[in-house]
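Please walk through the fold shown below, starting from one strand pairing and working outward to the sheet, the helix across it, the cores and the loops.

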Amino acid sequence: MRKDDCIFCKIAGGEIPSRTVYEDELFRVIMDIEPAEKGHCLIIPKNHFDDLFTLGEEEATKMMPLAQTIATKMKEALSCDGLNIVQNNGEAANQTVKHFHLHLIPRYTGDHNQEKLIWNHAEVADAEMDEIFSKLK
């Protein structure tokens with residue numbers, strides 16, 4: 001399934017050129033054109049899913065093994081010191097393209113994004129933590 005107005009559907013389908021580092025029947029892995037760090041790649045399913053909540057079971061099952069393969073290649077090829085895996089869902093989570101995709105961002109000691117990919121910890125009272133816990137278990 002594909003959405004005609006989705007830029008990632010067009011990239012995944014090969015209609016828009018990309019620096020494709022891997023492709024199979026389910027995914028296209030491309031270099032991000034606005035990278036957070038050198039070597040930043042996106043894993044894009046070829047089928048359209050708006051977000052994690054709608055991601056297909058087959059894609060969900062095969063995503064992490066593919067991410068591990070690409071991340072290992074990045075570590076070998078780029079000698080990165082670490083790696084962030086980022087996946088945003090919804091506007092409140094800074095999802096800017098409404099097509100599920102997974103960011104693989106190589107990290108280097110002292111890189112220019114050292115502070116940008118971490119967050120401040122939220123203050124949550126024990127009673128609220130207990131309430132949330134009971135809803136989630």
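In this predicted model, cysteine 41 has leucine 104 of E5 as its bridge partner. The pairing belongs to the contact between strand E3 (residues 41-45) and E5, which run antiparallel and are joined by 3 bridges. Leucine 104 is also the bridge partner in E5 of isoleucine 85. That second pairing belongs to strand E4 (residues 82-86), which runs antiparallel to E5 and is joined to it by 5 bridges.

The pairings extend into an open sheet of 5 strands, ordered E1-E2-E3-E5-E4 and paired antiparallel. Its edge strands are E1 (20-23) and E4, each of which pairs on one side only. From one strand to the next, the twist averages 20°. On the other side of E3, strand E2 (residues 27-31) pairs with E3 in the antiparallel sense over 5 bridges. Within this part of the sheet, phenylalanine 27 stands opposite proline 45 in E3.

How many residues of strand E5 are buried? The count is 6 of the 6 residues in the range 102-107, so strand E5 is largely enclosed by the rest of the structure. In a regular strand, side chains alternate between the two faces of the sheet. In E5, Leu102, Leu104 and Pro106 lie on one side and His103, Ile105 and Arg107 on the other, and all are buried, which leaves both faces of E5 covered.

Helix H2 (residues 57-78) lies across E1, E2, E3, E4 and E5. Relative to E5, helix H2 runs at about 20°.

The packing can be followed through the cores. The largest nonpolar core has 15 residues, of which Ile43 and Leu104 touch the most other members. At least two residues of this core come from each of E2, E3, H2 and E5. H2 gives the most, with 5 residues. A second, separate core has 9 residues, including Cys6, Phe8, Cys9 and Leu42.

Leucine 104 thus returns in another role, as a residue with many listed neighbours. Not counting residues up to four places away in sequence, leucine 104 touches Gly39, His40, Cys41, Ile43, Ala67, Ile70, Ala71, Met74, Leu83, Asn84 and Ile85. Among them are its bridge partners cysteine 41 and isoleucine 85, as well as Ile43, which shares with Leu104 the highest number of contacts to other members of the largest core.

Two acidic residues in loops deserve a separate look. Aspartate 51 lies in the loop between E3 and H2. Which side chain of opposite charge is nearest to aspartate 51? Lysine 98 is, at 7.6 Å, and aspartate 51 is buried yet has no salt bridge. Leaving aside neighbours within four places in sequence, aspartate 51 is in contact with Asn89, Gln95 and Phe100.

Glutamate 37 is found in the loop between E2 and E3. Glutamate 37 is also buried without a salt bridge, and its nearest side chain of opposite charge is arginine 107, 5.4 Å away. A salt bridge here requires a side-chain nitrogen of Lys or Arg within 4 Å of a carboxyl oxygen, so this pair does not qualify. Not counting residues up to four places away in sequence, glutamate 37 touches Ile105, Pro106, Tyr108, Asp111, His112 and Asn113. Arginine 107 itself is one of the buried residues of E5.

Two other loop residues stand out by backbone angle. Serine 79, in the loop between H2 and E4, has a positive phi of about 55° although it is not a glycine. Serine 79 is exposed, with a relative accessible area of 54%. Asparagine 94, in the loop between E4 and E5, has a positive phi of about 70°, and it is not a glycine either. Asparagine 94 is exposed at a relative accessible area of 59%.

The overall layout comes last. The protein has 3 helices and 5 strands, running α-β-β-β-α-β-β-α from the N terminus on. Its C-alpha atoms fill a box of roughly 50 × 40 × 25 Å along the principal axes. Of its 137 residues, 35% count as buried. Among contacts between residues at least 6 apart in sequence, 53% join residues at least 24 apart.

Key. Residues numbered from 1 in each chain as written. Predicted model: local features only at pLDDT ≥ 70, side-chain atom pairs only at ≥ 80, totals over all residues. Heavy atoms only, no water. Buried < 20%, exposed > 50% of the residue type's maximum accessible area, 1.4 Å probe, protein only. Helix = DSSP H or I, 4+ residues; strand = E, 2+ residues; numbered from the N terminus. Pairing = 2+ DSSP bridges. Axes fitted to C-alpha atoms, helices over the stretch in contact; angles between N-to-C directions. Contact = heavy atoms within 4.5 Å. Lys, Arg positive; Asp, Glu negative; His and termini not counted. Core = buried A, V, L, I, M, F, W, Y, C linked by side-chain atoms within 4.5 Å.
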